[in-house]
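Thanks for coming. I will take one structure today and go through its parts in turn, starting with its aromatic rings.

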Amino acid sequence: MNSPSRPSSQSTPARSNGSVPPSGQQGDKSRQGLARSLGHGQMAMIAMGSALGTGLFLGSGEAIGLAGPAVIISFAIGSLIAATIALAMGEMASRHPVRGGFGTLAARYLSPFWGYLSRWLYWIVTVCVTGAELVACAAYLTYWAPSIPIWAGILLFAALIVGINLASVGSFGVIEFFLSSIKVIAVFVFILIGAILVFVGMPGQSAPGLVEWTADGGFAPMGWAPVWIALSVVMFSFGGIELLSITAAEAKDPARSIRTAARTTIVRLAFFYVLCIGIVLALVPWRDAAGTGEDVATSPFVMVFDRIGIPGAAHITNLLVLIAALSAANANLYAGSRMLHSLATDHLAPRLAAFTTTRGVPIVGIACSTLGIAGAAALAFSGVGGVFNYMMSLVVFSVLMVWSLILVTYILFRHRGIQGATFTMPGGSVTAALGISGLLAVFATVFVRDSMQIAAAVGIPAVLVATALYFTVIRRRLDQGDIDEAFAEAERMR
């Protein structure tokens, strides 16, 4: 393992392998690197776009069904765990804004194997999340057009986000900033209106207050163990914060942008999730908000306005949660294509995936990252029930492994005494260790939840196959110079 000391700007000149050539060096742009076009506001909104999606607006129904009103505590705990990951990752990425993000960092501070595994696991996460978010989009569409099959809705919205991702990264950033801004504003308005309805009431109606939190079996109607079990659903809601490190390779000013994005993203997410769930449960009985059957047909947020009878409000809310899911799918397709591009650049995936257009768009990576969309559409077409919930569980299982590797990498990063990060996480390695403990607790839900057991039955063999491929094929093709080059390139761009 090489020392992570600051590489010289003269070390390891860039080769034609998908990386950005140094100043003054020319190359075939169609096969060269990603474009540094993202501002810090766009980076923050891309991360928000990925994380603020169906985990809150649709998946929250399943979490409510598991824990009742006490799910509010589950979301609060989830926010704390996610904060440790975002801040640890942000600190490392502000010092090393490398392509491949946390995966490249793991390759340097842990070992090339862990860097390889974390990146492939995360690619699987993004592929599944993209499909799951489009399942949600199609479900929201049935609120207005129940005759449209779910699979048709998936393909309709897939065409839209693929088109957006095929644009230049600058155009993608503008569009995603716009979509994420809509849902951030919408969530803020929901919180404002919801708080008024809860504590003031509508004209001619008394304010319900927080009575519903304890009206049906108390605050924790199934006991306190389900608060822990619900974390297996809740943590899906925070998937996407990893984009803070992945977007660093395309940031105009990585050090400043990552610092700003890491801080604002986690504060907004914690604020939005906890308050939104609290308001929903104050206005809708928790058993109703939990939905019925295996799939939640409509969002608990739509139910709020349906029940209180505000004309047209439910339609507007459904449109907004659809935009939220579409934005999350859009951001995850972006993340998957960039992760696959970095894998190919570092000889960990077929070289074809390193190909970029003249606008710096990894077109092959985008095509390969639509596999989750195709899988979701095929499952929906076959009539398999619970598609969203099963995909969500597989995502949670995989992303927990990725997050754990991020925190272990951070502990070694701090142990090496690396200087130059633009901010530090409070508590440092101790906070990271607490975060790992929280993730292990969520992992343990595999023993009590059927969907997590199914996810493990898929995820564990996938890890074993990836491991076998690494030691039989990939390891002999590795070139440490690729990792050194990524760090040298990041130093030039800081």
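Before I count anything, here is the rule for a ring pair: rings of Phe, Tyr and Trp, with the six-membered ring used for Trp, pair if their centres lie within 6.5 Å. Planes under 30 degrees apart count as stacked, over 60 as edge-to-face, and the rest as tilted. Please keep in mind that what you see is a predicted model.

With that rule, the count is 18 aromatic pairs. One of them is Phe75 with Tyr273, a stacked pair with 5.8 Å from centre to centre and 15° between the planes. This pair links distant parts of the chain, since Phe75 sits in helix α4 (residues 71–95) and Tyr273 in helix α12, 198 residues apart. Both Phe75 and Tyr273 are buried.

Now take Phe219 and Trp224. Is this pair stacked or tilted? The ring centres are 6.3 Å apart and the planes stand at 50°, so the pair is tilted. Phe219 has 22% relative accessibility and counts as partly exposed, whereas Trp224, at 55%, is exposed. The cut-offs behind those words are simple: buried is under 20% relative accessible area, exposed is over 50%, and partly exposed is in between.

Rings can also join into groups. Here ring pairs link Phe113, Trp114, Tyr116, Tyr470 and Phe471 into a cluster.

Next, the overall picture. What does the protein have in the way of helices and strands? It has 21 helices and 0 strands. Of its 494 residues, 60% count as buried. If you take the contacts with a separation of 6 or more, residues 24 or more positions apart account for 83% of them. The accessible surface comes to about 17600 Å², and 68% of that belongs to carbon and sulfur atoms.

Two helices show what burial looks like along the chain. Helix α5, residues 102–109, is mostly covered, with 8 of its 8 residues buried. Among them are Phe102, Leu105, Arg108 and Tyr109. Helix α6 has 27 of its 30 residues buried, so it is largely enclosed by the rest of the structure. We can also check the length of α6: at 1.5 Å a residue it should span 44 Å, and its end C-alpha atoms are 44 Å apart, which agrees.

Now the charged pairs. Side chains of opposite charge can pair when their charged atoms come close. How many salt bridges does the structure hold? It holds 4, and I will describe three.

In one, the side chains of Glu62 and Arg449 meet, with 2.5 Å from N to O. Glu62 is in helix α3 (residues 60–67) and Arg449 is in the loop between α19 (428–443) and α20 (450–477), 387 residues apart. Glu62 has a relative accessible area of 18%, so it is buried. Arg449 is at 8%, so it is buried too.

Another salt bridge joins Asp346 and Arg119, whose closest N and O atoms are 3.0 Å apart. Asp346 lies in the loop between α15 (313–345) and α16 (363–368), while Arg119 belongs to helix α6 (residues 112–141), so the pair ties together parts that are 227 residues apart in sequence. Both residues, Asp346 and Arg119, are buried. That loop between α15 and α16 also contains His347. His347 is not a glycine, yet it has a positive phi of about 65°.

The third that I will describe is between Arg287 and Asp216, at 2.6 Å from N to O. Arg287 is in helix α13 (residues 286–289) and Asp216 is in the loop between α8 (169–199) and α9 (225–229), 71 residues apart. Are these two buried or partly exposed? Arg287 is at 48% relative accessibility and counts as partly exposed. Asp216 is at 30% and also counts as partly exposed.

Last, the surface. There is a nonpolar patch with about 1000 Å² of accessible area together, and its members include Ile185, Phe188, Ile193, Leu210, Phe271 and Leu275. The elements that give two or more residues to the patch are α8 and α12 (254–283). Which of them gives the most? It is α8, with 7 residues. Ile193 is a residue of helix α8, and at 32% relative accessibility Ile193 counts as partly exposed.

Definitions and conventions: Residues are numbered from 1 along each chain as its sequence is written. This is a predicted model: local features need pLDDT of at least 70, side-chain atom pairs count only at pLDDT 80 or more; totals for chains, interfaces and linings use all residues. Side-chain values use heavy atoms; hydrogens and water are left out. Helices (H or I, at least four residues) and strands (E, at least two) are DSSP runs, numbered from the N terminus. Buried means under 20% relative accessible area, exposed over 50%, partly exposed in between (1.4 Å probe, protein chains only). The expected span of a helix is 1.5 Å times one less than its number of residues. Contact means heavy atoms within 4.5 Å. Accessible areas come from the Shrake-Rupley method with a 1.4 Å probe; for residues, only the protein chains shown count as cover. Patches are made of residues with over 30% relative accessible area and no salt bridge: like charges are joined within 9 Å, nonpolar side chains (Val, Leu, Ile, Met, Phe, Trp, Tyr) within 5 Å.
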